[in-house]
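This report goes through a few buried residues, a set of charged pairs and a pocket. The structure is shown first.

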Amino acid sequence: MSVTHGTQTTAEPAPGPVGASGQDSADPSAMAAVVASVKAALPPDGWIDDHIRLRTYECDGLAHYKATPALVVLPENAEQLAAVVRACAAHGVPFVARGSGTGLSGGALPRKDGVLIVTARMRAIREVRRQDQRALVEPGVINLDITRAATPEGYYFAPDPSSQQICSIGGNLAENSGGAHCLKYGFTANHVMGAEFVTPQGEIVQLGGAAPDSPGYDLLGAVVGSEGTLGIATAVTVKLTRLPEDVRTLLAGFATTDEAGAATSAIIGAGIVPAAIEMMDALAIEAAEAATHCGYPAGAGAVLIVELDGAEVEVEHELAQVERLCREKGAFELRLATDPAERALIWKGRKSAFAAVGRISPDYIVQDGVIPRTALPGVLKAIAELSSSSGVRVANVFHAGDGNLHPLVLFDDAIEGAGQAAEKVSGAILDLCISHGGSITGEHGVGIDKAAYMPKMFTDDDLDTMQLVRCAFDPAGVANPGKVFPTPRLCGEVPGKRKRAHPLVEAGVAEAF
Ligand SMILES: Cc1cc2nc3c(=O)[nH]c(=O)nc-3n(C[C@H](O)[C@H](O)[C@H](O)COP(=O)(O)OP(=O)(O)OC[C@H]3O[C@@H](n4cnc5c(N)ncnc54)[C@H](O)[C@@H]3O)c2cc1C
């Protein structure tokens, strides 16, 4: 079975400002100078230059893009990491940050001509300050470990990507990651108060802080979600959230996704913000049942999982309203988890859905797009039409409350042309998201995978303006080049309307999408 996240099953990395594509070999003299600096700054086991071991790092969670880095470094602290970045900056060698490598858009894809800076040895939780509701953690700390450290104090870290057992807080910050419970609590951006940050020149700076607001431009805001293109976080101050007094989980079975979508809108429209509202359609239910025997309502065309949390009295009140609204919109079965085991079983079906799809299809693409919640019925209908006209099956699993779709486009790579047909449907779904006022990514980022889609959402002027921000941080273009933006818009360029094609496009070095 092959699993493909994103839009394509085979692709070349997009071009970037440093070098062209990241497929070029490293400049030997520049790399030799960087290696010498690295050896002076890091302990002997702090770098890897053996080709076989380097291959361990050749991709992230989007495994169909691969590149073996010229050098991997494993710094133990900010000073070591900054020394590596300074060496790269001095010799014009690109670098890419990597946390746990679970990203699904190729953000941590290395460059053959560059250095991969891995934060896996920076995993200290330095402080949990209950009185301030803050924790100070190093960038390689695993998301769930923050919650584990804070739980004895009655707190947890709210952003909960499904990968929370393995992904790092540095990666969460760079991707502005979300999860099922971000509907109520917000994304990583809402929980990061400050960051120690190494600029692309190798300077260690402090952005934001433990206090709620700092004067001046919101540079922390610029850095969160920047996918490693503005520098590298070396410590993060996060906000902790009080553990709720009560949590109730409701499973609702509907005949159609239209009804389930209408129930979602009705719940939010009634002023209730559940901790999570997740939806799965018939195909996704079939896969989850086959894999986990989660006991979802038989014959359901869609299920909703609605989780409410907070003070007990408030949860009770909201639960009654949610049950009523679900029935009004057509729910034929409502099941309230009565103990932790039942709650876990309800979530097990949802959380295993991606992997479970392997039970009903040998290959699949995981897409990530977002739409305004009210557009759900129209977009789901259009996806169904795309599916029936192309003959490509699509299973829908998503964060319904946020309108964050994760269509699973199913295919069998053994059938000639099936992969291409699936890619076409996958891309058409993104077009649907854009045309309904949504976006090409809800939480997995742009990385290398969706850079080509950026011009579908933004004009040249928009992209040039974004590049001005990037160039302000990184005029030499050494920080994760080739990611997020589709063409090499160089820092020396004056943004604005182009009278002719980009010089690199004219020279045939780069492609405009
Ligand atoms: C099974 C599975 C389920 C997932 N579920 C979710 C989900 O529910 N929600 C969600 O949002 N995502 C999800 N993801 C995607 C992924 O886990 C997140 O994007 C996560 O935040 C990446 O963290 P990481 O440590 O693995 O980062 P990496 O993959 O190592 O890197 C991701 C990006 O961050 C940059 N980066 C890493 N560390 C730093 C740093 N210290 N400073 C600056 N930049 C840095 C990298 O250069 C890269 O661009 C899932 C992935 C998998 C495999």
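A residue is called buried when its relative accessible area is under 20%, exposed when it is over 50%, and partly exposed in between. Glu58, with a relative accessible area of 11%, is therefore buried. The model discussed here is predicted.

**Charged pairs**

Side chains of opposite charge can pair when their charged atoms come close. The structure holds 14 salt bridges. Three of them are listed below, with the separation of the N and O atoms and the relative accessible area of each partner.

| Acidic residue | Basic residue | N to O distance |
|---|---|---|
| Glu58 (11%) | Arg55 (44%) | 3.2 Å |
| Glu138 (11%) | Arg126 (42%) | 3.1 Å |
| Glu307 (2%) | Arg343 (31%) | 2.9 Å |

Glu138 forms a salt bridge with Arg126. This pair links distant parts of the chain, 12 residues apart: Glu138 is in the loop between strand 7 (134–137) and helix 4 (143–150), and Arg126 is in strand 6 (residues 125–129). Glu138 counts as buried because its relative accessible area is 11%, while Arg126, at 42%, is partly exposed.

Glu307 forms a salt bridge with Arg343. Glu307 belongs to strand 15 (residues 302–310) and Arg343 to helix 11, so the bridge ties together parts that are 36 residues apart in sequence. Glu307 is buried at 2%, and Arg343 is partly exposed at 31%.

Salt bridges also link Glu127, Arg129 and Asp132 in a network.

**Asp60**

Which side chain of opposite charge is nearest to Asp60? The residue is Arg98, 6.8 Å away, and Asp60 has no salt bridge although it is buried. A salt bridge requires a side-chain nitrogen of Lys or Arg within 4 Å of a carboxyl oxygen of Asp or Glu, so a separation of 6.8 Å does not qualify.

Asp60 is found in the loop between helix 2 (51–54) and strand 3 (71–73). A polar atom of the Asp60 side chain lies 3.2 Å from the backbone nitrogen of Gly106, and a polar atom of that side chain is 3.3 Å from the backbone nitrogen of Ala108. Beyond its neighbours within four places in sequence, Asp60 is in contact with residues including Arg98, Gly101, Gly103, Ser105 and Leu109.

**Tyr57 and Val96**

Tyr57 also lies in the loop between helix 2 and strand 3. Tyr57 counts as buried because its relative accessibility is 14%. Among its contacts outside the four neighbouring places in sequence are Ile48, Pro69, Val72, Arg98, Pro110 and Val118. The C-alpha atoms of Tyr57 and Glu289 are 35 Å apart, with their positions 232 residues apart along the chain.

Val96 is placed in strand 4 and is buried, at 1% relative accessibility. Not counting residues up to four places away in sequence, Val96 touches Gly107, Ala108, Leu109 and Pro110, as well as Asn480 and Lys483, among others. Val96 and Pro200 are 104 residues apart along the chain, and their C-alpha atoms are separated by 11 Å.

**The largest pocket**

The largest pocket contains about 860 Å³ of space. Its lining is made up of 48 residues, and those nearest its centre are Thr102, Gly103, Ser163, Glu175 and Ser177. Elements that each supply at least two lining residues include strand 4 (95–98), strand 11 (232–239) and helix 11 (340–351). Helix 5 gives the most, with six residues.

Terms used
Residues numbered from 1 in each chain as written. Predicted model: local features only at pLDDT ≥ 70, side-chain atom pairs only at ≥ 80, totals over all residues. Heavy atoms only, no water. Helix = DSSP H or I, 4+ residues; strand = E, 2+ residues; numbered from the N terminus. Buried < 20%, exposed > 50% of the residue type's maximum accessible area, 1.4 Å probe, protein only. Lys, Arg positive; Asp, Glu negative; His and termini not counted. Polar contact = N/O pair within 3.5 Å; in protein donor to acceptor, adjacent residues only side chain to side chain. Contact = heavy atoms within 4.5 Å. 1 Å grid on protein atoms, 1.4 Å probe; cavity = no way out; pocket = protein on both sides within 12 Å on 5 of 7 lines; lining within 4 Å. Points joined across faces, edges and corners; volume = space filled by probe spheres on them.
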